[in-house]
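User: Hi! I'm new to reading protein models, and I'd like to learn how each label is justified. Could you take me through this one?

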Amino acid sequence: ALELAEELWDAGLPGDLPELEPECRSLLAAFAEGSAALTGCLSRRARPVRLCQGCHGHYHRLLAQYGSIARAVGNSSESHNCAKSILTSDRLQIVVTLLEFFNETWEAANCANCLKNNSEGLSNSTEEFLDLFNKSLTCFEHNLQGQAIDLSPNNYTEVCKNCNETYTKLNDLYNHLQRMNRQGGESAHSAHLCIDVEDAMNITRKLWSRTFNCSLPCSDTVPVIAVSSFILFLPIVFYLSSFLHSKQKKRILILPKRIQSNASLVNIQEKYS
Amino acid sequence: MANVAKKVSWSGRDRDDDEDGRAGETTPLLNGTGPGGAGSARQLTPSSFLRIGQLSNVDLNEDSHELETELPRQRPNEIPHNEKLLSLKYESLDYDNSENQLFLEEERRINHAAFRTVEIKRWVICAMIGILTGLVACFIDIVVENLAGLKYRVVKDNIDKFTAKGGLSFSLLLWATLNASVVMVGSVIVAFIEPVAAGSGIPQIKCYLNGVKIPHVVRLKTLVIKVCGVILSVVGGLAVGKEGPMIHSGSVIAAGISQGRSTSLKRDFKIFEYFRRDTEKRDFVSAGAAAGVSAAFGAPVGGVLFSLEEGASFWNQFLTWRIFFASMISTFTLNSVLSVYHGNAWDLSSPGLINFGRFDSEKMVYTIQEIPIFIFMGVVGGILGALFNALNYWLTMFRIRYIHRPCLQVVEAMLVAAVTATVGFVMIYCSRDCQPIQGSSVAYPLQLFCADGEYNSMATAFFNTPEKSVVNLFHDPPGSYNPMTLGMFTLMYFFLACWTYGLTVSAGVFIPSLLIGAAWGRLFGISLSYLTKGSIWADPGKYALMGAAAQLGGIVRMTLSLTVIMMEATGNVTYGFPIMLVLMTAKIVGDYFVEGLYDMHIQLQSVPFLHWEAPVTSHSLTAREVMSTPVTCLRRIERVGTVVDILSDTSSNHNGFPVVESNPDTTQVARLRGLILRSQLIVLLKHKVFVERANLNLVQRRLKLKDFRDAYPRFPPIQSIHVSQDERDCMIDLSEFMNPSPYTVPQEASLPRVFKLFRALGLRHLVVVDNRNEVVGMVTRKDLARYRLGKEGLEELSLAQT
């Protein structure tokens with residue numbers, strides 16, 4: 001880190017500018033390193049998504065580094081405050097922008113959801129889920145290896161049969177987690193689980209129902225058609241029967257007390273016919 | 001009497017016979033009604049009027065007697081219900097202040113300061129109207145949200161269970177049964193307890209503000225039924241919204257609070273007694289309607305304009321300001337209560353029951369090139385709206401004629417609920433439009449035959465409350481819906497909504513219209529972006545909004561208030577211009593075919609509704625031809641027995657009686673002295689204000705205006721007032737209680753002139769006098785409302801007992 005700071009000093013800044021104190025410089029350098037590490041981690045774990053599992057350490061370290069920048073006070077005087085000189089002295093404010101980006105990404109990924117409250121490691125439920133997830137993946141692999149000999153890619157009955165238990169467990173656990181989460185959180189944002197869990201489930205589900213074609217719902221079209229046509233038929237019966245059997249409502253005309261209503265009516269009709 | 005007999009037999013035939021019968025009559029009469037002939041005919045009659053006017057009750061009895069003897073010879077005067085009728089059921093409200101001596105006394109007694117407190121009370125009442133309307137809106141919203149959520153969760157769990165195991169027909173049955181039973185409860189309370197709570201209530205409030213007294217329309221019982229009915233019909237999954245009924249609810253609240261008592265609960269709080277008059281109540285009811293709109297859409301200005309456009313026929317700027325106050329209070333109340341309920345207290349950014357969400361992303365801007373497209377959408381909306389109204393017209397006619405028994409109405413509502421569920425289920429079942437669950441905010445994602453982790457996109461439209469579906473259509477990102485899904489949805493929902501409106505459940509048409517429009521608008525937007533190879537400006541959400549505006553405008557034909565309501569609900573002023581254009585086009589195109597839904601329902605209910613102007617081609621009609629005659633008059637000092645007889649005569653259920661000079665000499669002309677109302681007479685009889693009793697110096701409190709107000713608005717019927725045989729011979733002096741200066745018109749006044757006077761002043765009775773100030777006839781609301789501009793020129797509606 002020190003070399004990096006030296007390098008920065010040599011390349012970027014003319015020696016005579018007393019802009020940055022050495023403490024601040026080292027803090028900045030640490031932040032640069034931390035953000036580089038986090039960026040690398042995030043990109044490497046983008047697909048399949050393993051952000052929260054793999055990068056939470058980096059993220060929290062970066063947060064700590066930023067915190068020390070924000071808190072650090074240069075020892076010479078109040079005016080040479082590191083926070084001031086690093087964070088707010090120019091228009092771009094790159095450190096703040098970077099940190100905002102990481103924060104937003106972290107929020108969007110909802111990683112807090114599968115970490116422990118003190119942010120040290122994954123929460124128990126997440127561990128359990130990932131265990132189950134790995135188990136089902138292994139199950140898929142095992143059974144596929146056996147099938148590869150058959151060379152019939154559309155026939156995955158073996159997988160479906162053998163892994164059904166694990167898959168159902170996984171699915172149930174996921175639904176359970178989701179429900180728990182929805183009850184706990186109020187706003188719409190926290191309705192999501194963390195991206196790792198969501199993506200893992202997504203992959204499994206896609207494999208299960210798209211690739212293996214395992215979840216074949218029983219389509220009972222005939223009873224549905226029968227019941228629905230029965231219900232749709234009811235109004236016709238109702239309207240016909242009320243048309244035929246119900247007594248039509250008659251209105252009793254009242255004779256208005258008027259003079260020459262005949263004449264006036266004729267008048268109207270003559271004029272506008 | 002030959003005169004009368006001839007009249008009776010003629011008009012009896014006229015009403016029943018069709019064209020050929022009338023044609024035969026026309027030829028000889030044409031000669032008689034020429035300019036000269038009419039004059040000579042007119043000169044004959046006054047003598048008979050005079051006689052009738054003086055000995056009115058005797059004549060009237062003979063008249064009705066003759067009627068009865070004549071009737072058996074004619075064909076019975078029964079016709080099936082049609083739109084060209086005026087019902088006798090509806091009466092006018094007394095908007096004209098009766099300036100009798102009691103009124104003057106009271107005014108003298110109340111000093112200036114007291115009038116100032118009256119003014120303050122008006123503001124207090126408006127604030128209370130706003131608060132209570134907002135609270136009712138909150139209540140409806142929260143209950144609907146929870147109950148509908150419960151229902152959808154149950155059905156969803158059931159469907160999920162049976163998708164795996166098979167037997168989805170049970171889910172269908174469960175859904176249909178749940179819907180039908182919930183709707184059954186909603187329909188039973190409406191059909192059996194308070195039928196006036198059916199529908200959106202906007203036509204009824206419109207009539208009320210026009211001056212028509214719709215029985216029961218502003219009672220507490222109606223409010224309770226309305227609120228429960230709305231909740232049940234929305235939870236029951238019908239194609240309805242809860243926004244229209246809010247307007248009715250607000251009006252009832254306003255009418256109730258301003259009176260300071262509830263006759264349903266038999267409780268009088270002894271406050272606001274000054275406002276126990278039709279005139280005052282009307283002003284508050286318009287404030288309540290505005291508060292209702294503003295609670296429903298979060299549109300306070302729109303609410304005021306709605307009251308102006310649809311309701312208040314009588315208007316001034318102080319009233320406007322007060323109404324605006326009530327609207328604002330209502331939105332604010334709804335806002336703050338809902339913010340507490342949703343857990344972010346005092347965040348006042350979610351106004352209204354329906355919130356269209358924000359339209360301020362980059363893609364939502366519009367350019368001048370899109371204006372013609374919007375206008376085209378307006379045309380489509382107008383045509384579809386006209387189609388909707390025409391279909392609903394036939395359906396409503398059928399319902400009035402054949403489905404008039406409450407049990408049948410309940411069965412019908414249940415069937416519609418079951419079919420709505422079935423159609424939704426079948427659409428979802430048949431749809432193969434699957435969207436990934438991730439990243440979407442679907443409340444109840446139904447998987448059905450989609451792959452795991454995906455949901456059926458048809459289900460977001462059908463398997464949801466209509467409000468949520470509208471917002472989804474506005475804001476879901478492009479690509480959330482298949483064109484096929486949207487097309488099928490539009491088609492089905494169009495017919496379902498059309499079928500649903502007019503059922504005996506309390507429910508509004510705003511949201512279904514918006515939903516239909518949003519669906520086809522989005523479809524339009526999708527095809528547009530397909531045609532233009534995915535241009536950035538063709539965002540489907542924007543077109544969904546325009547389609548919704550066009551469809552709603554095409555159905556209800558409101559212009560100004562709807563533009564502002566849409567603008568306020570989207571929170572985007574820049575959309576004002578395109579929305580205005582769209583609504584304008586929709587109205588013009590729609591009016592070319594049929595009239596608006598609310599006007600149509602008012603007509604079908606045979607309400608004597610007075611439009612802004614008399615029919616344009618009616619200047620040749622004079623008051624003489626328009627008025628009813630003979631008039632039952634009372635003398636200034638009248639025998640109690642005569643009054644009782646006149647009031648209990650069921651064949652002539654009059655409400656206002658001209659008071660004429662009480663001259664025993666019958667040969668002299670009977671000049672008009674004033675006008676007295678049935679309600680006043682009943683109060684007089686009840687308190688036995690007889691001349692003899694006053695002469696006997698019986699210790700008797702002088703009658704005050706308060707006695708009349710206490711009886712308002714439900715005056716006891718004449719049958720409940722006991723008048724002994726001795727008292728029948730007493731005399732009653734009306735001069736103190738009658739309105740000494742009723743509005744009158746000469747016989748020669750043209751119909752538009754009479755109409756203007758009547759409409760502008762909100763009259764109930766307009767006396768027609770000759771040049772000697774003798775009563776010749778009486779013009780009431782039904783006499784004026786029966787002339788209407790039809791397709792072949794001026795038409796005359798007939799009166800009917802309904």
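Analyst: Happy to! This is a predicted model, and confidence is a good place to begin. Among the elements of chain A, helix α9 (residues 221–245) has the highest mean pLDDT, 89, while helix α10 (residues 261–272) has the lowest, 48.

User: What makes residues 269–273 of chain A a stretch to read with care?

Analyst: The pLDDT there is below 50, on a scale that runs from 0 to 100. Where pLDDT is low, the predicted coordinates should not be read in detail. The model does give this stretch seven contacts beyond near neighbours in sequence. Chain A as a whole averages a pLDDT of 74.

User: Which domains does chain A have?

Analyst: The assignment gives domain 1 (1–109) and domain 2 (124–211). Their contact takes 10 residues from domain 1 and nine residues from domain 2.

User: Why is the pair A:Asp199 and A:Arg47 called a salt bridge?

Analyst: The rule asks for a side-chain nitrogen of Lys or Arg within 4 Å of a carboxyl oxygen of Asp or Glu. For A:Asp199 and A:Arg47 the N to O value is 3.0 Å, so the pair meets that cut-off. Between domain 1 and domain 2 of chain A, the count is one salt bridge.

User: How do you know which residues of domain 1 of chain A supply the most area against domain 2?

Analyst: By their share of what domain 1 buries there: A:Val49, A:Gln53 and A:Ala109 supply 48%, more than any other three residues. The area buried between the two domains is about 740 Å², with carbon and sulfur atoms giving 51% of it.

Conventions
Residues are numbered from 1 along each chain as its sequence is written. Chains are lettered from A and ligands numbered from 1 in the order in which they are written. This is a predicted model: local features need pLDDT of at least 70, side-chain atom pairs count only at pLDDT 80 or more; totals for chains, interfaces and linings use all residues. Side-chain values use heavy atoms; hydrogens and water are left out. Domain bounds come from an automatic or database domain assignment. Contact means heavy atoms within 4.5 Å. Buried area is the accessible area (1.4 Å probe) that two parts lose on being put together, summed over both. pLDDT is the predictor's confidence in each residue, from 0 to 100. Helices (H or I, at least four residues) and strands (E, at least two) are DSSP runs, numbered from the N terminus.
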